Amino acid sequence: MTALPKTPFLGVAYYPEHWPEERWKIDADLLHEAGVDVARMMEFAWDKLEPESGEFDFAWMDKALTIFQEAGISVVLCTPTPTPPPWLTSQYPDILRVDDKTGQRAVAGSRRHACCNVPAYRDFSAKIVKAVAERYGDHPNVVAWQIDNEFGCHGTVRCVCDYCRAEFQKWCERKYKTLDALNAAWGTQFWSATYHKWSEIPVPAPTSASHNPGLLLDYRRFSSDSWVSYQKMQIDLLRQYIGERPITHNFMLRFFDLNYRDFAADLDIVSYDNYPHGMSGPSECAFNLDLMRGLKRKNFWIIEQQTGHVNWTPFNPPAPPGQVRTWTHQAFAHGVDAVFYFRERAVNIGQEQYHAGLLKHDGTPDRGWHESKQVKADLAERPALTRPQAPVAILWDYEDLWTFELEPHNSAFSYYREALDLYRTCWDQNIPVDILARDADLTGYETVFVPSPALIDEAQVQKWRSYVEAGGNLVVLFRAFFKNPGSTWSDQPMPAGGLSDLLGMTVDEFLSIPLVPNVGLRPPIDKADDWNDDRGSHVNDVSARPGIGFGENFGLPTKTRYQLWAEVLKPTTATAILRYSDGYYKDGVAATANKVGQGTAYYLGCWCDPILPRVLWQALGLQKHVVTSDVRGAVTEIVKLVDETGQNVDVLLNHTKHTVTLPETSK
Ligand code: GAL
């Protein structure tokens, strides 16, 4: 079996089914010349592999694999299940999912139109997976497998068909054992919704008013679990045929409908699709990369990397010269072992004709191809580098995020944005951050931020207490530990579940603050074309950005504003470290510090702007981790890595459009 190339390496998404056979060798040679070592294939090719039910055609794929092998490119094969072909959905129309937002059933001819709880879809998926695994499981040039493609993309995670309803009822029965337990957990007495039979439990299809929050939260868990089990079904099948070859699946940016931690647990390698134009700038790219690295606390792959314009943002600008190279090196610096460019060539058919590839529509090299070649040359000169554990961690939890998405109480409140704001506070100063699970082992971290941990978990408090007692700085932010797992509100003062003892305070009152535009707040980041909202960008002049100094004024004004959410705190054993200076709650406590053992547990009761007020920045001693550059204002990200001999190596990433000449000492 061909081994995986030495890391880091380059790859590409290749679609033999989109091109005439005569072209495959030309493409393989061109891609090899661009530095590509591995090609990913087959994820949307179900109808070509199985043109009719049970009739398989592998001749074309055999040929493509041989051609790529001869060109020196090994292959990651995908199971082709995101695109059930029309012969299948017309024979089994129930396969088509029913959308939870609209109640509409999907139609054929697109992708991700199937529901994973429909037995026919599972059976036919298993058949095609088994067929490709039997055929290619021990192919000498196949080095890894990808399951399906981007579960849940286009907002397709939650289906409300009859199969889902039956499965959800069974899921509830397994979870709660008795209806009394379920009714209590969800608080179904409200609006007279006590269930007396499992079969009475509905799915959250569109209805008159909102559904019970406990049902909604459990439906998110159930839907995520359903796709986890669909993925597991494929993994178990594949494993019988592919030996030790690693199995991956590609996760998405800014995507939270699935609990990716559960998916990652069953995979050998996490893969991620990096489309920076879907984000607001390099800091958000970095955040998403670090989020992915944290899922398994190990290096991962980018199995789709934007190579030019995409076709799905409002304006689809180009990726100017140097941008693809920078994105690729940013990924490597954040713990990526392989970057696969998406895609080999701009396609002349179908839904994505406006999407750039390494080659142009006419088959000649585009800018991305030249930059891939350049990256390959860069890698030849670069020593093997690893990313050490960061001094700071942010604890990220999908269920907390869901809890706030379902009941934000303030339409501008975003758990994602909160975590991202915390991250940016560090990224702006080149302080490395790891993003970990809420229950992660925190050994070795100096400071740990816990963005709004909504859901109460008493066992968690013990872990945090040990961390603080041993000398850690724990910073818990507003809206903490007030919801039971079934989304009913605790009858204890916030934060409940013993967390208030650790923090030495309780919350006396909470206030939602309407978002007033243009008062110095960062704009909301949920616009796909918001790339300019950051230091540095491909179109923006970094020096024109006010308020964020580089290596001097650490972005922290002396007077702290707050926004969106504020809580008035009652310290018990803690000391007040911030007080409100206005409002009817003037002089009320806004943040506290509680010494516990060798460390301190902080509580920040309001969303400051910037999110980390100076007093906390100082108390946490973050200043000592700030990394500045002598190429001020231009190099916008510095990542500290370590080479094989243990020497520190700084990777300097220039996210601006300006050319920078480094002083001799920095080279
Ligand atoms: C990804 C997807 C690819 C392609 C690409 C376009 O999300 O996995 O198949 O659609 O987007 O940018």
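The following paragraphs describe the ligand site, the aromatic contacts and selected backbone features of a predicted model.

The ligand site comes first. Four aromatic residues, Phe44, Tyr275, Trp312 and Phe342, are among the residues that surround the ligand. Acidic residues are also part of this shell, including Asp273, Glu150, Glu304 and Glu352. Arg111, Asn149 and His355 complete the list. By class, the shell divides into five charged, four nonpolar and two polar residues.

Three side chains of the shell make polar contacts with oxygen atoms of the ligand. In Glu150, a polar side-chain atom lies 2.5 Å from a ligand oxygen. For His355, the distance from a side-chain N or O atom to an oxygen of the ligand is 2.7 Å. For Arg111, the corresponding distance is 2.8 Å. On its own, the ligand has 310 Å² of accessible area, and the protein covers 94% of it.

Aromatic contacts come next. The structure holds 53 aromatic pairs. Such pairs are described by the distance of the ring centres and the angle of the planes. Two of the pairs share Trp396. In one, the ring centres of Phe287 and Trp396 are 5.9 Å apart. Their planes meet at 70 degrees, so this pair is edge-to-face. The angle is the deciding value here, because planes over 60 degrees apart count as edge-to-face. Phe287 belongs to helix H10, residues 282-296. Trp396 belongs to strand E10, residues 392-396. The two residues are 109 positions apart, and the pair links distant parts of the chain. Both Phe287 and Trp396 are buried.

In the other pair, Trp396 meets Tyr416. The centres of these rings are 6.2 Å apart, with 85 degrees between the planes. This pair is also edge-to-face. Tyr416 lies in helix H14, residues 415-427. Here the partners are 20 residues apart, and again the pair links distant parts of the chain. Tyr416 is buried, as is Trp396. Through its two partners, Trp396 of strand E10 thus contacts helix H10 and helix H14.

Arg479 lies over the faces of two aromatic rings. One is the ring of Trp565, with Arg479 at 3.7 Å from the ring centre. The other is the ring of Phe413, where the distance from the ring centre is 4.3 Å.

Sequence separation and spatial distance were then set side by side for three residue pairs. Pro213 and Ser487 are 274 residues apart in sequence, yet their C-alpha atoms are 6.0 Å apart. Pro213 lies in helix H8, residues 213-242. Its relative accessibility is 24%, so Pro213 counts as partly exposed. Val468 and Lys177 are 291 residues apart in sequence, and 37 Å separates their C-alpha atoms. Val468 is part of helix H15, residues 458-469. With 0% relative accessibility, Val468 counts as buried. Leu379 and Val160 are 219 residues apart in sequence and 48 Å apart in space, C-alpha to C-alpha. Leu379 sits in helix H12, residues 367-381. Leu379 counts as buried at 13% relative accessibility, because the cut-off for buried is under 20%.

Backbone geometry was examined last. The peptide bond from Thr7 to Pro8 is cis, with omega near -10 degrees. Pro8 is found in the segment before strand E1, which spans 9-13. Another cis peptide bond joins Met494 and Pro495, with omega about -10 degrees. Pro495 occurs in the loop between strand E13 (473-477) and helix H16 (499-503).

Positive phi values occur at Asn316 and at His409, neither of which is glycine. Phi of Asn316 is near 50 degrees. This residue lies in the loop between strand E7 (300-306) and helix H11 (323-333). Asn316 is partly exposed, with a relative accessible area of 24%. Phi of His409 is near 65 degrees. His409 lies in the loop between helix H13 (398-406) and helix H14. The relative accessible area of His409 is 57%, so this residue is exposed.

Key: Residues are numbered from 1 along each chain as its sequence is written. This is a predicted model: local features need pLDDT of at least 70, side-chain atom pairs count only at pLDDT 80 or more; totals for chains, interfaces and linings use all residues. Side-chain values use heavy atoms; hydrogens and water are left out. A residue is near a molecule or strand if one of its heavy atoms lies within 4 Å of it. A polar contact is a pair of N or O atoms within 3.5 Å; within protein, one must be able to donate a hydrogen and the other to accept it, and residues adjacent in sequence count only if both atoms are side-chain atoms. Accessible areas come from the Shrake-Rupley method with a 1.4 Å probe; for residues, only the protein chains shown count as cover. Ala, Val, Leu, Ile, Met, Phe, Trp, Tyr, Cys and Pro count as nonpolar, Asp, Glu, Lys and Arg as charged, and the others, Gly among them, as polar. Rings of Phe, Tyr and Trp (its six-membered ring) pair if their centres lie within 6.5 Å; planes under 30 degrees apart count as stacked, over 60 as edge-to-face and the rest as tilted. Helices (H or I, at least four residues) and strands (E, at least two) are DSSP runs, numbered from the N terminus. Buried means under 20% relative accessible area, exposed over 50%, partly exposed in between (1.4 Å probe, protein chains only). A charge sits over a ring if NZ of Lys or CZ of Arg is within 6 Å of the ring centre and within 35 degrees of the ring normal.
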